[in-house]
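Me: I'd like a close look at one part of this protein, the stretch around one of its strands and the loop leading into that strand. Could you walk me through what sits there and what surrounds it?

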Amino acid sequence: MRRNFFILAAGIVFTTFGSATASADDLDALAGKWVAERTDAQGRAVKLVLEIKKDKFKYQATSPADDRGIYAEGDVKVETLGPFKTAKFYNIQGGRSPSDLQPVDDDRTVIYALGYNELTAAANFDKEREEPPMATKFTKAAAETKTLVIDKIVMHKTPQAAEYYLSLDATVGETTKRFNIPNKTYQGTETTIPTELAIGNARADQTCKFVMKLDDVAGDEITEEMDNKSTGSFTVSLSGSQTFKPEDGWSYTIYWHLK
């Protein structure tokens with residue numbers, strides 16, 4: 001099993017000509033899901049999927065002729081080796097699936113070539129191994145997008161002493177959506193305001209920026225004539241909530257989910 005793991009795992013080794021200085025931006029450039037297809041030593045088709053998220057990686061190799069597959073995960077960081085950019089994969093655990101992992105005592109330091117939505121990979125150049133050097137070209141998979149739904153706002157405290165109108169503009173990427181019900185008023189504390197504000201083409205880990213406005217005069221809550229204004233942001237996740245306290249006497253929690 002160990003030999004098979006390294007034969008398939010060779011696909012995670014990259015080569016490029018880059019700048020002499022590595023930075024966090026280099027690791028950000030590798031972020032995402034990369035897919036490749038090649039044949040193994042037995043001539044069988046193998047699909048390789050490498051996913052890098054922040055300083056973590058997941059790797060999977062599957063073949064129609066072998067339904068067991070190979071899976072690995074661990075840490076990754078970008079370093080410099082002479083004139084080359086390198087990626088070091090370490091703290092690796094491998095097995096047949098994410099639920100069947102064992103430590104793999106073999107770090108991999110590689111050099112990588114990054115083009116437009118392409119990653120050219122050359123394996124087994126970091127040290128002598130049983131497997132021969134090989135090259136594999138990865139293509140970046142389109143990021144999976146979903147719909148961000150801002151479910152509700154719970155107003156814990158409000159600076160408005162009586163009934164008020166509310167407007168919420170939320171932005172993800174280039175898309176902005178507004179929640180505002182004309183002539184609808186709210187009042188009191190610990191008030192739950194259902195919004196069901198949907199923003200398409202959203203992904204986990206994106207930033208959602210918003211502007212909330214309150215006013216006791218109908219229509220002013222969607223203008224710059226509002227009484228109270230709060231700006232903020234949160235990181236999109238499968239589901240979550242975050243509390244904001246923009247000023248004394250004003251606090252609220254926003255709830256959301258991805259679907």
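Reply: Here is a walk through strand S15, the loop before it and the parts around them.

Keep in mind that this is a predicted model. As a backdrop, the protein has two helices and 18 strands. Of its 259 residues, 41% are buried. Among contacts with a separation of 6 or more, 55% are between residues 24 or more positions apart, and you'll meet some far-apart partners below.

Let's start in the loop between S14 and S15, where Asp 205 lies. Its phi is near 80°, a positive value in a residue other than glycine. Is Asp 205 buried, exposed or partly exposed? Asp 205 has a relative accessibility of 39%, so it counts as partly exposed.

Asp 205 also turns up at the largest pocket, which holds about 980 Å³ of space. The pocket is lined by 28 residues, and the closest to its centre are Glu 51, Lys 53, Arg 203, Ala 204 and Asp 205. The lining also draws on the other end of the sequence: helix H2 (24-30), strand S1 (32-39), strand S2 (45-53) and strand S3 (56-63) each supply at least two residues. If you care about chemistry, the lining splits into eleven nonpolar, five polar and twelve charged residues.

A quick word on S14, the strand on the other side of that loop. Glu 196 lies in S14 and has a positive phi too, about 50°, although it is not a glycine. With a relative accessible area of 53%, Glu 196 is over the 50% cut-off and therefore exposed.

Now step into strand S15 itself, which covers residues 207-215. Thr 207 has its place in this strand. At 40% relative accessibility, Thr 207 is partly exposed. Which residues does Thr 207 touch, not counting those up to four places away in sequence? They are Thr 171, Val 172, Ser 233 and Phe 234. Thr 207 also has Thr 235 at 4.7 Å, C-alpha to C-alpha, although the two are 28 residues apart in sequence.

Further along S15 comes Phe 210. At 3% relative accessibility, Phe 210 counts as buried, and Tyr 252 is buried as well, with a relative accessible area of 0%. The ring centres of Phe 210 and Tyr 252 are 6.4 Å apart and the planes are at 75°, so this is an edge-to-face pair. Why can you say that the pair ties together distant parts of the sequence? Phe 210 is in strand S15 and Tyr 252 is in strand S18, so the pair joins parts that are 42 residues apart in sequence. The two rings also belong to a cluster: ring pairs link Phe 210, Phe 244, Trp 250 and Tyr 252. For the protein as a whole, the count of aromatic pairs comes to seven.

That brings us to the largest nonpolar core, which has 27 residues. Leu 148, Met 155 and Leu 166 touch the most other members of this core. S15 is one of the strands that supply at least two residues each, along with S11 (146-157), S12 (165-172), S14 (191-202) and S18 (250-258). S18 gives the largest share, five residues. For background, nonpolar side chains tend to be buried together in soluble globular proteins.

Leu 166 is a handy place to see S15 from the core side. Leaving aside neighbours within four places in sequence, Leu 166 is in contact with Met 212, Lys 213 and Leu 214, and its other partners include Ile 153, Met 155, Phe 179, Tyr 186 and Ile 193.

There is also a second, separate core of 24 residues, which includes Leu 50, Ala 61, Ile 70 and Ile 92. For a contrast with partly exposed Thr 207, try Thr 86 in strand S5 (residues 84-97): its relative accessible area is 1%, so Thr 86 is buried. Among the contacts of Thr 86 beyond four places in sequence are Val 78, Thr 80, Leu 81, Val 110 and Ile 111. Val 110 is found in strand S7 (residues 108-111), and at 2% relative accessibility Val 110 is buried too.

How values were computed
Residues numbered from 1 in each chain as written. Predicted model: local features only at pLDDT ≥ 70, side-chain atom pairs only at ≥ 80, totals over all residues. Heavy atoms only, no water. Core = buried A, V, L, I, M, F, W, Y, C linked by side-chain atoms within 4.5 Å. Buried < 20%, exposed > 50% of the residue type's maximum accessible area, 1.4 Å probe, protein only. Helix = DSSP H or I, 4+ residues; strand = E, 2+ residues; numbered from the N terminus. Contact = heavy atoms within 4.5 Å. 1 Å grid on protein atoms, 1.4 Å probe; cavity = no way out; pocket = protein on both sides within 12 Å on 5 of 7 lines; lining within 4 Å. Points joined across faces, edges and corners; volume = space filled by probe spheres on them. Nonpolar A, V, L, I, M, F, W, Y, C, P; charged D, E, K, R; others polar. Phe/Tyr/Trp six-rings, centres within 6.5 Å; stacked < 30°, edge-to-face > 60°.
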